[in-house]
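Please open the model in your viewer and keep the selection box handy. We will walk from one stop to the next, and at each one you will find something to look at.

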Amino acid sequence: MFTFKQPILQLLKMKKYYFYCIIFVIISSTLSAQNLSNTEKKIITSIENNNAEAISFLKEVVNINSGTMNPKGVKRVGMVFKEAFDEIDFNTSWIEMPKDMNRSGHLFAETSGNKGKKLLLIGHLDTVFEADSPFQEFKMVNDSIAHAPGGNDMKGGDVIVLYALKALHENGLLNDAQIIVAYTGDEESTGKPLSISRKDLVNAAKRSDIALGFENSTGFNYATVARRGSSGWKLEVTGKRAHSSGIFNERVGAGAIFEMSRILNDFYTKVKGEEYLTFNPGVLLGGTFTDLDAMTSKGNAFGKSNVVAQTAVVKGGLRFISEEQKENARAKMREIIANNLPQTSAKITFTDSYPAMGPTEGNKNLLNILNTVSLDLNQGEVHAYDPGKRGAADTSFVAEYVDCLDGLGTMGSGAHTPKETVNLKTFEALTKRAAILIYRLINQ
Ligand SMILES: [Zn+2]
């Protein structure tokens, strides 16, 4: 007769098997238990109870157009969030931008206190889809994906912040914590000058220890500890206008187009190469006369094959991982510019746009904390995303004042295109991760 006794006894004799059994039990019990405190488990329950409401809130704000150049729409979205933050006892304010800036304004919501880390949570209310875009509506594609303008970049992230804080509020966990929520109204096309449009954000950072950015996620198991800065450059070259038969002689020289070609080739061969440093000439005009419109980036050129070019102009961009890298690249460019071909001269001007957010120890430490939160939630490890692949965002403006972590928002695809989607299946999990991270930081 077959019994279970015999094989079990046999197995128990096998010490190795016994050992693996114990390891298995330990691993599986820690996995199923989740390393959360009782308070943290209450936060999780609140998030689960509120998730359906969070998604209908997202639908509501997506269906209000808030293209950056639609200030009224941006403010309407801001007011919907304002009311929601008022309900969870945040002090809210709408900060108008000056009329001639043609930007809406920013929503700030704040709790005050002294315990733990002081947090700045960053989002933006505007999207790239203007009022005349055909893409205006939140529509479910299947049971987990919604086709939604700005749903992923980044109204989804804004809603994650709201519902993470709502869960903390419901459990009375925001008392004596300083949290500033800053939702800008012009992230997709920042108002100029930056000294005005980013003043309130920078001031909030100066009163905080840590900034968390909820821009769309670059993958469920990735967060942003560094992102490159971006800036612009304009190169103008002048040559001697003359009959082409005289080119190369002492009096006429090389002409503006040859000099421009030399400079660009030297940029390519002598400045290119450092990790995370890229620069791109985006538009080029050359001839007897050129006319490049700075606003539209459109222009005209006139020239003849029998006339030595008198002028050439290039407009380009430069991306960098640190101020030092930016300055070094600019110095090399200036040096190349100065080494002119005969009878030509060149001038380069640089403009600052987004500063870099470097991969500091403080930022990496925040990633470690997030990683532990994620593991404790059984959501897997979280790694640093390649800074070379991530575009610039509002966290960059505060990176010099606080430790930063970004990319904590929703998952999705096709941001900035008419195919933008937001993944609602991971929405609840990401809200839990954000809430536990915030909870642990304000109790640190
Ligand atoms: Zn964005």
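Donors here are N, O and S atoms within 2.8 Å of the metal (3.2 Å for Na, K and Ca); water is not among the atoms, so sites may look incomplete. This is a predicted model, in which local features need pLDDT of at least 70, side-chain atom pairs count only at pLDDT 80 or more, and totals for chains, interfaces and linings use all residues. Residues are numbered from 1 along each chain as its sequence is written, and side-chain values use heavy atoms, leaving out hydrogens and water.

**Stop 1: the zinc ion**

Select the zinc ion together with H124, D153 and E215, whose spacing in sequence reads H-x28-D-x61-E. H124 gives NE2, D153 gives OD and E215 appears twice with OE, at 1.9 to 2.5 Å. H124 sits in strand β3 (residues 115–124) and E215 in the loop between β7 (210–213) and β8 (222–223), so this pair ties together parts 91 residues apart in sequence. Strands are DSSP runs of E with at least two residues, and helices are runs of H or I with at least four, numbered from the N terminus. Now switch on a surface: H124 is buried at 1% relative accessible area, and E215 is buried at 7%. Buried means under 20%, exposed over 50% and partly exposed in between, with a 1.4 Å probe and protein chains only.

**Stop 2: the neighbours of β3**

Next, select β3 and β6 (residues 177–184), which run parallel and are joined by seven bridges. Two strands pair if DSSP finds at least two bridges between them. Look for I122, whose bridge partner in β6 is A182. β3 also pairs with β7, again in the parallel sense, over four bridges; there L120 stands opposite A211.

**Stop 3: T395**

I122 leads us on, as it is among the residues that T395 touches, along with G213, R227, M357, C404 and D406, leaving aside residues up to four places away in sequence. Contact means heavy atoms within 4.5 Å. T395 lies in helix α11 (residues 395–398) and is buried, with a relative accessible area of 1%.

**Stop 4: the open sheet**

Finally, select β10, β13, β9 and β14, which form an open sheet in that order with antiparallel pairing. β10 (278–287) and β14 (345–354) stand at the edges with a single partner strand each, so one side of each has no neighbour in the sheet. Between β9 (residues 229–238) and β13 (residues 311–320) you can trace 10 bridges, including the one that pairs T238 with T311.
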